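Me: I should like to go through the structure shown below and ask, for each label, what justifies it. Please set each value against its criterion before drawing a conclusion.

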Amino acid sequence: MVQTSHSPLSILSPSSIGSNVMSNQFSPFISEDDSSEINDISPSPIGPFDLMPVPMIEQPYWCSLSYYEMKQRVGEMFHVSSNVHSVTIDGYTDPSSAQRFCLGVLSNVNRTNEIEMTRHYIGKGLQLSYENGQVFAECLSENPVFVQSPNCNQRYQWHLATVVKIPPGCNLKIFDEADFVQVANETVYQGYEAVYALTRICTIRISFVKGWGADYRRQTILNTPCWIEVHLNNPLKLVDQILTKMGSPRTKCTSVS
């Protein structure tokens, strides 16, 4: 059985976003002050033809993974090919492969004792599975993982920032592309800024062993020892296509991750 906890959700701002949706550079942490209203955005007029639904187009890599220790990203981004339908993220020291991202081989000169101890308990970690546009997270470790997925939270009508605890042996659907396509195309009628805001739904954060939020002493994921960020490239590309179709605002703003 999964458990939930409320946590502040950081919001992407135009200043943190680049110009290509498949970019490896990403600035995931924006303060509440930085996430205020987007300025100087005026979408171009949209005609009936332009409002035709935009389909999801499969990208070469369905997701990209970044590993963090507290506030610091460690190692290179790990890309999962569209031909690979499941990937395991574990704490072992075996060489990584197309279907396995081993965190144990990554070094960090700033690593603390707390981080070292947490890494020891990651063990078998978790598995992310992608099939028919749906993403599932399964906890393979003997210790729980904690997930913040706005798409999942929308489905269950939870607050977008809810953090879900997945106990060992349990799994949870954390993203559904069909739901996202419908929401994205409906959001067109709300304007450029509303579509742009969907980029935050395309990123999922998962912490190993330690939770965060209202029920824990760690209020944000930046205070957790070991965690990953999952960038879903197909929905990010969809948002980018819709923004391009809507026309450019006065201030450059795209859905890059």
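Me: How many salt bridges does a search of the whole structure find?
Reply: In this predicted model, the search returns 9 salt bridges.

Me: What makes the pair Arg111 and Glu69 a salt bridge?
Reply: The closest N and O atoms of Arg111 and Glu69 are 2.8 Å apart. The criterion asks for a side-chain nitrogen of Lys or Arg within 4 Å of a carboxyl oxygen of Asp or Glu, so the pair qualifies. This pair links distant parts of the chain, with Arg111 in the loop between β5 and α1 (113-122) and Glu69 in strand β2 (residues 61-69), 42 residues apart. Both Arg111 and Glu69 are buried.

Me: Why is Arg100 called partly exposed, and which residue does the side chain of Arg100 meet in a salt bridge?
Reply: Arg100 has a relative accessibility of 23%. Buried means under 20% and exposed means over 50%, so Arg100 falls in between and counts as partly exposed. Its salt-bridge partner is Asp94, at 3.0 Å from N to O. Asp94, with a relative accessible area of 36%, is therefore partly exposed by the same limits.

Me: How do you know that Asp179 and Arg155 form a salt bridge?
Reply: The N to O distance is 3.7 Å; the limit is 4 Å, and therefore the pair is accepted. Asp179 lies in helix α3 and Arg155 in helix α2 (residues 150-155), 24 residues apart, and the pair links distant parts of the chain. Asp179 has a relative accessible area of 33% and is partly exposed, and Arg155 is likewise classed as partly exposed, at 26%.

Me: Which residues do salt bridges that share partners join into one network?
Reply: The network consists of Glu69, Arg111 and Arg119.

Me: How many disulfides does the structure hold, and what is the situation of Cys170?
Reply: The structure holds 0 disulfides. For Cys170, the closest cysteine sulfur is that of Cys139, 7.9 Å away. A disulfide requires two cysteine sulfur atoms within 2.5 Å, so this separation is too far for a bond. Cys170 counts as partly exposed because its relative accessibility is 21% and buried means under 20%. Cys63, at 0% relative accessibility, is therefore buried by that limit.

Me: What makes the sheet containing β4 an open one, and which strands lie at its edges?
Reply: The sheet has 5 strands in the order β5-β4-β6-β7-β10, with mixed pairing. Its edge strands are β5 (100-102) and β10 (171-176), each of which pairs on one side only. On average, neighbouring strands are turned by 20 degrees against each other, direction ignored.

Me: What makes the pairing mixed?
Reply: Strands β4 and β5 pair in the parallel sense over 3 bridges, whereas β4 (residues 86-90) and β6 (residues 126-131) run antiparallel and are joined by 4 bridges. Both counts satisfy the requirement of at least two bridges, so both are pairings. Thr88 shows the two sides of β4: its bridge partner in β5 is Arg100, and Gln127 stands opposite Thr88 in β6. Ile89 stands opposite Leu126 in β6.

Me: Why is β4 described as mostly covered?
Reply: Of its 5 residues, 4 are buried.

Me: How do you know that the side chains of β7 alternate?
Reply: Along β7 (residues 134-139), Val135, Ala137 and Cys139 point to one face and are buried, while Gln134, Phe136 and Glu138 point to the other and are not. Strand β7 pairs with β6 in the antiparallel sense over 6 bridges, and with β10, also antiparallel, over 5 bridges. Cys139 is the bridge partner of Leu126, and Ala137 stands opposite Leu172 in β10.

Me: What lies between β6 and β7?
Reply: These strands form a hairpin with 2 residues between them, and Asn132 in the turn has a positive phi of about 55 degrees.

Note on methods:
Residues are numbered from 1 along each chain as its sequence is written. This is a predicted model: local features need pLDDT of at least 70, side-chain atom pairs count only at pLDDT 80 or more; totals for chains, interfaces and linings use all residues. Side-chain values use heavy atoms; hydrogens and water are left out. Axes are lines fitted to C-alpha atoms, for helices over the stretch in contact, and angles run from 0 to 180 degrees between N-to-C directions. Buried means under 20% relative accessible area, exposed over 50%, partly exposed in between (1.4 Å probe, protein chains only).
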